[in-house]
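Subject: Structure for you to look at

Hello,

Here is the structure I promised to pass on. Please open it first, then read my notes below.

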Amino acid sequence: MSSKLKVIVVGAGLGGLSLAQSLVRVGIDVQVCERDRTPWDRAQGYRLHLDADGINAVHEVLPANLRALFDATSQQTLPFTTILDTGLGVVKRLPTQDEHDEQLWPGPHEKPTHRNVDRATLRQILLSGLEGVVHFDKRLEKYDAGKDGVVAYFSDGTTTTGDVLVGADGIRSAVRAQRAPRCQIVDAGVQAIYGRIPIEAGRQVLPSESTEDIFTVASDERKVFLGLASVAFPVPPEEASKALPAAQQLKKRDSYFVTIVGGRHELFPLERSAMKSAASEELQRIAADLLSKWPERAANAVRAGDPSSFFFVDMYTSVPCSLEAPTNVTLLGDAIHAMTPTLGRGANLAMRDGALLGRALTSVAKGERELAAALASFEHEMLRYGFEVVREAAKVGQQRMAQNALPG
Ligand SMILES: Cc1cc2nc3c(=O)[nH]c(=O)nc-3n(C[C@H](O)[C@H](O)[C@H](O)COP(=O)(O)OP(=O)(O)OC[C@H]3O[C@@H](n4cnc5c(N)ncnc54)[C@H](O)[C@@H]3O)c2cc1C
C-alpha cells in the first residue's frame, strides 16, 4: 500500500457518492469513475423515501452547507404507509417503523425520521464539491487485484491504480461479476410504469394522505397496484441554493406526485423488450388501461400525469450470498444487495454502506487499522443488514405484488 491511501470508486450513484463525500472530508485521495457521460444521461427515477439510515448517512457525509441544502429540499412525511381501496378511499394507515441501527447512529434522533426527496436533487447535492473527483464516461471493464494494489481497466482504453477498489456500480455490477461471481441477480417477476403528476393536478384527484404520508397504495385481486407519493419541496431547489457558489446551484424543479402502476409480467400487454422501448405516452396509456376495471378516479390519476414523464421498470433482486475472503476489492449498495422497491430501502442502505465504508477507510488512512481487517469488518456488517432487508423486501413483495419467491 502506498503511504497515502488511494481509493477507486466505480459508480457515481447514491452509494458511491456518499462514500466519496465521506473520504473527501478527511482528505483521502478518491476517484469516482462513472460510465454515464453526464449526471443527467438517463431517467433514474423520481421520488425516494428516506428513513433514518439514509438521513443519518447523508448528514454524516456532507459538509454543513450541503447538509442544509438537503434539509431545505426534503419533504418531511408522516410515518404512515396508507392502504387505499381501488376508488382511492382510505382503508387504513399503517405506522412505519424508524429503521436505523442504534449502534451506528446513537440517538437522540430528530423526528420525524421519514422524508420524501427528489432523487435527482439529492444526487446533485451529493455530487457538489466533487468536481475533479468524479469522472464521467468511464466504464469499468475489469480489474486486476494484487497485494500491491488494484488496476482498473476502462472501456476507453485507460487504466487507473489504487490501494482499494469499491464496486458501487449498481445491480449489473461489473465489479461483482469478478469479486463475487457466485452472487446472483434474479427476475422478481414484476414490472411497473413510473410517472410524475404535477402537484396541483394531483391534489385535485388524490386523497390528502397521498401528500402527507410516506406512500399510499391500492391493489386488486390480481395484485395490480397503484402507488402514489408526493415530493413537495419545502423550498424550491433553485431558491434553496441561490446563495451558494455557482457549482452548487440546484436545477429548477417543481413539486410533484410520483405514480407507479405495477404487477406481474403476464398482466402487461407488451413483451418486455417492447415495454422497454415504448414511448412515455404509450406507457401512460398502458398504466391507465391496467386500472380500467377500477373506479374511474384511479385511471384519472394516471391520466393527470405529465405525458412525457413515464418510464418502465423491470424488477430484479439479489439472492443473499457470502463473499469470499476479503481482498482489496469490495462492494456496496445495489452492486451486492439489490432488492425490489417494496420497502423503499435500497438507496438508504447504499448510503449507509457509503458512510460505514467511509469510516472504515478513514481508520485505515489514520493508521488505526490494517486495510484487510477494516474491509472484513465492513463486509461482515454490510452483508448482515443488507441481506436481511433483501429477504424482507422479497417477503413483502410476494404478499403485495406476487413477486417470485427468492430461490433456495
Ligand atoms: C422505481 C424504483 C423506486 C425506488 N424507490 C426507492 C425508495 O423510495 N427508497 C430507497 O431507499 N430506494 C429506492 N429504490 C432503490 C434505489 O434506487 C437503489 O437501491 C439505489 O439507487 C442503489 O444505489 P447504488 O448507488 O448502489 O446504485 P445505483 O444508483 O444504481 O448507481 C450505480 C452507478 O454505477 C454506474 N455504473 C454501472 N456500471 C458501471 C461501470 N461498469 N463502470 C462505471 N460506472 C458504472 C451507473 O451508471 C450508476 O450511476 C428504488 C428503485 C427503483 C427501481
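The largest nonpolar core has 78 residues. V7, F70, L122, L165, L357 and L361 make the most contacts inside it. The top contributor is helix α14, residues 371-401, which gives 12 residues to this core. A second core, separate from that one, has 29 residues. I199, F268, L283 and F312 are among them. As a general point, nonpolar side chains in soluble globular proteins tend to be buried together. Keep in mind that this is a predicted model.

L165 is a good place to start in the largest core. What does L165 touch, leaving aside its neighbours within four places in sequence? Its contacts are I8, V10, L140, Y143, V150, A152, V175, N328, V329 and T330.

Some of those names come back in the sheets.

**The β9-β10-β11 sheet**

This is an open sheet of three strands, in the order β9-β10-β11, and the pairing is antiparallel. β9 (140-146) and β11 (159-162) are the edge strands, and each pairs on one side only. On average, neighbouring strands are turned by 20° against each other, direction ignored.

- β9 pairs with β10 (residues 149-154) over six bridges, in the antiparallel sense.
- A hairpin of two residues joins β9 to β10.
- Y143 has A152 in β10 as its bridge partner.
- β10 and β11 run antiparallel and are joined by four bridges.
- A152 also stands opposite T160 in β11.
- The hairpin of β10 and β11 has four residues between the strands, and G157 there takes a positive phi near 90°.

So A152 is worth a click: A152 is the bridge partner of Y143, stands opposite T160 and is in contact with L165.

**The β3-β7-β4 sheet**

Here is another open sheet of three strands, with the order β3-β7-β4 and antiparallel pairing. Why is one side of β3 and of β4 left without a neighbour in the sheet? β3 (47-50) and β4 (75-76) stand at the edges with a single partner strand each, so one side of each stays free of a neighbour. Four bridges link β3 to β7 (residues 115-118), again in the antiparallel sense. One pair to find is L48 and its bridge partner in β7, V117. Helix α4 (residues 119-127) lies across β3 and β7, and runs at about 75° to β7.

**Strands β13 and β17**

Is β17 (residues 311-318) mostly covered or mostly uncovered? Mostly covered: seven of its eight residues are buried. β17 pairs with β13 (residues 185-198) over seven bridges, in the antiparallel sense. I185 stands opposite S318 in β17. F312, included in the second core, falls within the residue range of β17.

**The ligand**

There are 32 residues around the ligand. E34, H49, R119, Y194 and D334 come nearest. Three polar contacts to look at:

- G15: a backbone N or O atom lies 2.9 Å from an oxygen atom of the ligand.
- L140: a polar backbone atom is 2.9 Å from a nitrogen atom of the ligand.
- N348: an N or O atom in the side chain is 2.9 Å from an oxygen atom of the ligand.

L140 links two parts of these notes. L140 meets the ligand through its backbone, and L140 is in contact with L165.

Best wishes

Conventions
Residues are numbered from 1 along each chain as its sequence is written. This is a predicted model: local features need pLDDT of at least 70, side-chain atom pairs count only at pLDDT 80 or more; totals for chains, interfaces and linings use all residues. Side-chain values use heavy atoms; hydrogens and water are left out. A nonpolar core is a set of buried Ala, Val, Leu, Ile, Met, Phe, Trp, Tyr and Cys residues joined through side-chain atoms within 4.5 Å. Buried means under 20% relative accessible area, exposed over 50%, partly exposed in between (1.4 Å probe, protein chains only). Contact means heavy atoms within 4.5 Å. Two strands pair if DSSP finds at least two bridges between them. Axes are lines fitted to C-alpha atoms, for helices over the stretch in contact, and angles run from 0 to 180 degrees between N-to-C directions. A residue is near a molecule or strand if one of its heavy atoms lies within 4 Å of it. A polar contact is a pair of N or O atoms within 3.5 Å; within protein, one must be able to donate a hydrogen and the other to accept it, and residues adjacent in sequence count only if both atoms are side-chain atoms.
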